[in-house]
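Walk through this model with the ligand site as the main stop. A few individual residues and the cysteines follow.

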Amino acid sequence: MDLPRLDRTLRPGAKAPIRIVHLGLGAFHRSHQAWYTHRADNAADWGIAAFTGRRPDAALALAEQDGLFTLVERADGGDSFEVVGSIVEAVDGANVQRLAELVAAPQTAVITLTVTEAAYRLGPDGQLDRGASAVVTDLALLASGSGNPTTPLGRLVFALAARRAAGGGPLAVVCCDNLASNGTVAHHAVAGIAAAWDPSLAAWIEDNVSFVSTSVDRITPRTTDADLAAVEASCGYRDTSPVVAEPFANWVLSGDFPAGRPRWEDAGAVFVADIEPYENRKLWLLNGAHSLLAYAGQLRGHATVAEALADPLCRQAVERFWDEAEASLSGPEGNAADLQISAYRQALLARFGNARIAHHLAQIAMDGSTKLRMRAVPVLQAERAAGRSGAAAALMIAAWMDFTATSATIQDPLADQVAAANRLSGTDRVCSLLRLVDPALSGDPAAVHLIEDLCGTFRKLPACTPAGQ
Ligand code: CS2
């Protein structure tokens, strides 16, 4: 049957004016920030122009649908469908001139980022790693004026220079990547590039750009062909860009919006003064468990989060890691009760166990060296500082090491160094791999030996079949 295509002739309605520019048009942006904006009471005033990262594909597909897409909310009991209309322009990220034009436009008030944890290129000192090859290339391009920057942060700095040149006013940059103090991370990355290119631009950014920190949450697996077919069957139109997500969504924000913002609170977003407790709860309990399941689960032969969680050995490792993490979680003003950790853990078990969401461990396993720095290292350090072993957090790192040694290809910003370290053996190997995650820990012989002893934990035991299969 020839179904009509989803576009604004099928769903007529005025497009909101562009006041938000987004970098990193992917499934998560659509299931999260685009959905919150769509649900805001003042959505009619807040349109998003979203730019892709490395490839133009997502922008091309979405542009053919006037930016519209279907959000499939996948609950245990069934799917529900909603057309999201907040993206009003979808652009190839390589179109840096359009980015500069939109960031320079006076009505642009907010820039949101989902550019991946690895894209910020900060060194162990928390400042921009000016020696990273992508940073070197972008700085050379910016200095010579001979071409467009290629990294998301390089592009953002270029566009902020255009706003300054146009006499544009203050705005907010809202980081939505899974990093601790992500507003500060974005701030340091942007300031580092700007200062190396043009110190007067760096000064303008200090005075005019507010870096907002956020904790973002919504499990969003990759869309499959079966999802496209499900949308056609239920909605009666063709949509090449639907996105599937769990019903749960959470967004905690902290910072100023000098030029205004959508009323994201209408869709449940929360604005707080101190974001750190919420960030740590999410990064350690949710993302930490995800990484642990990603490595342990794949070593045990599982493919999805739900499958891995159904394996008692993986589940036990997660619970032990949560116990360690919980010991260091303190709530706002030191009141841990406000974080409702026990309810949060229960809810996570249900979210991870939602077998209708095929959340692939391979997707989560990527960029391990960066992710473990936020997900395992702080818990391990806190446990050791308290005089305990930190064995559960150490096990996550050991599982990553085993996983990198057994996988044919590793997607990681430090993939070459990971491969080189894996050519060593014994303590040398563990120490070299640990240095890539956290140089300080690799200098602690007790931590190195603990991790070395834990290597092989998930390989020594026979793989088990998840319950119910
Ligand atoms: C996951 C996250 O891929 C990963 O590293 O841990 O994308 C996770 O699904 C989201 O943060 C959930 O909000």
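A residue counts as buried under 20% relative accessible area, as exposed over 50%, and as partly exposed in between. The model is predicted. Keep the three classes in mind, as they return for many of the residues below.

Arg121 puts the definition to work. Its relative accessible area is 30%, so Arg121 is partly exposed. The residue lies in the loop between strand 6 (110–113) and helix 5 (133–144). Its backbone deserves a look too. Most residues other than glycine have a negative phi. Arg121 is not a glycine, yet its phi is positive, at about 50°.

Gln340 is another such case. Its phi is positive, at about 45°, although Gln340 is not a glycine. Gln340 also sits in a loop, this one between helix 12 (312–327) and helix 13 (341–353). Buried or exposed: which is Gln340? Its relative accessibility is 55%, so Gln340 counts as exposed.

Now turn to the ligand. Which residues surround it? From the earlier part of the chain come Asn178, Val216, Asp217 and Arg218, among others. The shell also includes Lys282, Leu286, Asn287 and His290. His359, Ile364, Lys371 and Arg375 belong to it as well. By class, the shell has five charged, four polar and three nonpolar residues.

Where do these residues come from in the fold? Three elements each supply at least two of them: strand 8 (209–217), helix 10 (276–299) and helix 15 (368–375). Helix 10 gives the largest share, four residues.

Why does the ligand shell lie between two domains? Domain 1 (18–271) gives residues to the shell. Domain 2 (276–459) gives residues too, so the shell lies between them.

Look next at the polar atoms. In the side chain of Lys282, an N or O atom is 2.5 Å from an oxygen atom of the ligand. For the side chain of Asp217, the distance from an N or O atom to a ligand oxygen is 2.6 Å. Arg375 also takes part: an N or O atom of its side chain is 2.9 Å from an oxygen atom of the ligand. How much of the ligand does the protein cover? On its own, the ligand has 340 Å² of accessible area, and the protein covers 88% of that.

Move on to helix 9 (residues 225–235), where Asp227 is found. Its relative accessible area is 6%, so Asp227 is buried. A polar atom of the Asp227 side chain lies 2.8 Å from the backbone nitrogen of Thr224. Ala233 has its place in helix 9 as well. Here the accessibility is 69%, so Ala233 counts as exposed. Ala233 and Leu3 are 230 residues apart along the chain, but 9.9 Å separates their C-alpha atoms.

Other pairs also link distant parts of the sequence. Ile20 lies in strand 1 (residues 18–23). With a relative accessible area of 1%, Ile20 is buried. Its C-alpha atom is 4.8 Å from that of Val110, although the two positions lie 90 residues apart along the chain. Ala306, in helix 11 (residues 305–309), offers another example. Ala306 counts as buried, at 16% relative accessibility. From C-alpha to C-alpha, Ala306 and His360 are 9.1 Å apart in space and 54 residues apart in sequence.

Finish with the cysteines. A disulfide is a covalent bond between the sulfur atoms of two cysteines. How many disulfides does the structure hold? It holds zero. Cys431 is in no disulfide, and the nearest cysteine sulfur, that of Cys455, is 12 Å away. Why is Cys455 not bonded to Cys431? The closest cysteine sulfur to that of Cys455 is the one in Cys431, and 12 Å is too far for a bond. The cut-off for a disulfide is a pair of cysteine sulfur atoms within 2.5 Å. Both residues are also away from the surface by the accessibility classes. Cys431 is buried, with a relative accessible area of 18%. Cys455 is buried too, with a relative accessible area of 13%.

Definitions and conventions
Residues are numbered from 1 along each chain as its sequence is written. This is a predicted model: local features need pLDDT of at least 70, side-chain atom pairs count only at pLDDT 80 or more; totals for chains, interfaces and linings use all residues. Side-chain values use heavy atoms; hydrogens and water are left out. Buried means under 20% relative accessible area, exposed over 50%, partly exposed in between (1.4 Å probe, protein chains only). A residue is near a molecule or strand if one of its heavy atoms lies within 4 Å of it. A polar contact is a pair of N or O atoms within 3.5 Å; within protein, one must be able to donate a hydrogen and the other to accept it, and residues adjacent in sequence count only if both atoms are side-chain atoms. Accessible areas come from the Shrake-Rupley method with a 1.4 Å probe; for residues, only the protein chains shown count as cover. Helices (H or I, at least four residues) and strands (E, at least two) are DSSP runs, numbered from the N terminus. Ala, Val, Leu, Ile, Met, Phe, Trp, Tyr, Cys and Pro count as nonpolar, Asp, Glu, Lys and Arg as charged, and the others, Gly among them, as polar. Domain bounds come from an automatic or database domain assignment.
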